[in-house]
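Visitor: I should like to take a close look at a single part of this model. Please begin with one residue there and work outward to its surroundings.

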Amino acid sequence: MTVPELGQLKELAGKPADAWIKHSVSLMEKGELVEAKLVVEAVSHSSDGGFPVSMLLVRACMAENSLASCAQAVSVARWALKTCKPEERAETSVALAVSLSQQSRQSCFDVEKKQMLRNEAMEVLSSAECPSGTVLQAVQLYNWAVLLAESGTHGGALSKAKEALDIASTAKATRSSSPSAVLSPTAEHATNACLILISLLLSARRQQEAALKVLSASNVGSSTSGASMFSKKASLESEVLIGRLRSRLQFAGGSHPDALSSLVHLKKDLASKHAADQGSKALVASLAEAEASIWIDLSTLFITQGEFQDAMFCVQHAAKVQAWQPATYHATGMVQEAAGELDAAVQSYNTAIALDPRHAPSLLRLGTASRRKGDSSDLALARKLLTDAKLYDPSAPGASYQLGLVARDLGHLEESEAHMHMAVKLAVSTPALPIAARAVQQDEEEAAICGNEAEEKMPPLLLWNEDLCKKCYSQGMHVQALVSAPEFEPPLRHSHRRTLNMVVATTKPSCSLLNNALRGKKQLIGSLVLPEVPMKGNSIEPSLQDRTCLIYSCGEDQGGLMMVVCQYEVAPDRAALMTKALFGRVHPQQVLVLGSLSSERYFGEGDASQETLMYVLSTAAAREAREKLGQKLPMPFLPTGNMVGGLSASILSYCQVRSIKADLVIDVVMLSSLSHLSVAPLAQACLVVLKLAASTCEQSSKDACSLLSEAGLNISAREVVVAACKAFEGGSGQGSGVYI
């Protein structure tokens, strides 16, 4: 504290609490948070400032945002809630909830502690009786929505955020005469915050266009002349966050020039609009942080376009604006790694971690670099680094994915699969930007708090026809009718030279297609049953309406091709167990999975209502096999930003971890009532993939390859397609009596 400021404190001695509060607010607006906190603490001990002083002290502690200050904010808010007047209780409750939520974001706490703090904060908010239609009520609902989003309940968060937006957009300004009133959010700030949160939640659902429309309704960039420094700072933060989010959404939609243009215009607007408002230390610091974040986002865009010199130019400017920041050194390392300068990149990541040992992105990149070396000591180091990265940022899917690869390289396949499934779950629900600094997914936290509900359910039942299995696999395959327990049973592999190949149908069009393919050449040998799926209403004769998952052996000698026809929807939390039950008993060399993606979740070129959209996803083993032969699939790969879940994604993940050649053909479905129109193009896609798969098989499995080709030709036959379409439209799997 400077000498003039000490003189001001002497002048304040003996004056009422309002004078002290006014001076503390002025210090906070200047960005002198420690001094402001000391002033508030002094007046709280020397006078009876009561409620205004307590609220100001809570704000000062939260603005400092350290572990000790967050704990102090919670303590002061608890005390204020016990001693406040009835008319002050609502505002005090909101202050306590906000301080608890901020405390829950401290990286030193474990998962259980964080969720405990969130639960307490939501309980406090639910009991707060805020005046209807006020900004305070909007703030209450907004913070409630943030807590729900951090807990992984995105549906509830979206509902609360919309409710808060409705109130904030119509709330009237109710400023009090208290000197600390300038620190309270305005209706405009609350409205922008709600719009940003709704846009983030929509981006987590991959609804980028809807998220962009929501952002367009925000009111940022308006004149702030005459406003308090706190209002200017809040407007600046909203403007930067909206601009960065808009750029991320445009980039995810494939519009790279628009994403770049949004960041460039944002930087120019900030430079021109706030050039005259640099008298406050707080505003100067916010401007520097905002500019650095924009430079880093620009470098990321240039990296994706392979323009490494421009990317390095951006990170160098970020370093000039904010020197010795972990994010800047991490961005430098990203550019160096993309340009192939691995040693320099590792040095940059190490510098970032030296500045912040809990910097999760740098820990992730260092762990990835160690994993790629492949030695046992490097894998051990990679596991340690990646585990720390996951601990400090549990919502990042990259750490789970890399841990899965490390476990695979170490031979721990069960652990690898668990990490891969977690990575898929996180990637599916990750917003374009983090929600409230760090969002922790509900799946991971609830597993630590109350256990995995899926484990409480009965495992899938894998039932085999023993006599038929002996007939179809006479040279060494022995199966029994049993309850599947793959972790205790060795995989059933062919002891003879023939290699098993598998086709799995997970959608109604694909099920109808396989039901009518290879007629007279497939034999029902098993069934996979989920105990929670009711069998009541299934018909004696096979039908698409039946809730069954049947396994067939196909071909002349019925031993080279296995077909799995799954006619019921598998819940995401059960897909992994279904996959283990199926693949725990057989080990195919080639796998073809037929899946689908709803047009509502599809993001890319083309319109599913006007044309057939078919895409493919392949494991690394399948891609490498085709590359060796110079082959290329005529179907495009699924565009970036789209996520496939359920049984089909689980099977592909399983094959990826175990280096099995596998392809997933994805049909973008507009309306379920029009799905029968996908049968013909799906048959053609199967033919192409199966022919290429046959050509990549080893010499020891030529018999199976010819069977695959035969299956493809039969699947593509016109009469089979017509029968499948009729069966689909009629709900029957028989298709003019050609079933089996």
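Does Ser-659 count as buried or exposed, and at what relative accessibility?

Guide: Ser-659 has a relative accessibility of 52%, and because the cut-off for an exposed residue is over 50%, Ser-659 counts as exposed. The model is predicted, and the mean pLDDT of the protein chain is 75, with 72% of the residues at 70 or more. Ser-659 is placed in the loop between α28 (646-657) and β8. The backbone at Ser-659 has a positive phi of about 55°, although the residue is not a glycine. In general, most residues other than glycine have a negative phi.

The loop that holds Ser-659 leads to strand β8, and β8 covers residues 661-669. Strand β8 pairs with β6 in the parallel sense, over nine bridges. One point of register can be given: Asp-663 in β8 is the bridge partner of Leu-592. On the other side of the account stands β2, which runs parallel to β6 and is joined to it by five bridges. Here Ala-505 has Leu-594, in β6, as its bridge partner. Seven of the nine residues of β6 are buried, so this strand is largely enclosed by the rest of the structure.

These strands belong to an open sheet of eight, in the order β1-β3-β4-β5-β2-β6-β8-β7, with mixed pairing. The edges are formed by β1 (461-464) and β7 (614-618); each has a single partner strand, so one side of each is left without a neighbour in the sheet. On average, neighbouring strands of this sheet are turned by 20° against each other, direction ignored. In general, strands of a sheet pair through backbone hydrogen bonds, either parallel or antiparallel. The antiparallel sense is found between β4 (residues 549-554) and β5 (residues 561-566), which pair over six bridges. Within that pair, Leu-550 has Val-565, in β5, as its bridge partner.

Two helices pack on this sheet. Helix α25 (residues 508-515) touches β2 (501-505), β3 (522-529), β5 and β6 (590-598), and its direction makes about 135° with that of β5. Helix α26 (residues 572-583) touches β1, β2, β3, β4, β5 and β6, and its direction makes about 140° with that of β3.

The nonpolar cores come next. The largest has 61 residues, and those with the most contacts inside it are Val-58, Leu-96, Leu-100, Ile-198 and Leu-245. Leaving aside residues up to four places away in sequence, Leu-245 touches Ile-196, Ser-199, Leu-200, Leu-215, Ala-432 and Leu-433. Apart from that core lies another, of 43 residues, among them Val-570, Val-591, Cys-655 and Ala-662. Cys-655 falls within the range given for α28, and Ala-662 within that given for β8; the loop of Ser-659 joins these two elements.

For comparison, consider Trp-324, whose phi is near 55°, a positive value in a residue other than glycine. Trp-324 lies in the loop between α15 (308-321) and α16 (326-338). Its relative accessibility is 59%, so Trp-324 counts as exposed. In helix α15 itself one finds Asp-310, which is partly exposed, with a relative accessible area of 36%. Asp-310 is eleven residues from Ser-299 in sequence, and the two lie 7.1 Å apart in space, C-alpha to C-alpha.

Another serine gives the opposite reading of accessibility. Ser-104 is found in helix α6 (residues 89-104), and since its relative accessibility is 1%, where buried means under 20%, Ser-104 counts as buried. Beyond residues up to four places away in sequence, Ser-104 touches Lys-114, Leu-117 and Arg-118.

A note of caution concerns confidence elsewhere in the chain. Over residues 1-7 pLDDT stays under 50, and the model has five contacts beyond four places in sequence for that stretch. Over residues 175-182 pLDDT also stays under 50, with 19 such contacts in the model.

To return to the starting point, Ser-659 is an exposed loop residue with a positive phi, and the loop leads to β8, the strand that pairs with β6 over nine bridges.

Notes:
Residues numbered from 1 in each chain as written. Predicted model: local features only at pLDDT ≥ 70, side-chain atom pairs only at ≥ 80, totals over all residues. Heavy atoms only, no water. pLDDT = per-residue confidence, 0-100. Contact = heavy atoms within 4.5 Å. Pairing = 2+ DSSP bridges. Helix = DSSP H or I, 4+ residues; strand = E, 2+ residues; numbered from the N terminus. Axes fitted to C-alpha atoms, helices over the stretch in contact; angles between N-to-C directions. Core = buried A, V, L, I, M, F, W, Y, C linked by side-chain atoms within 4.5 Å. Buried < 20%, exposed > 50% of the residue type's maximum accessible area, 1.4 Å probe, protein only.
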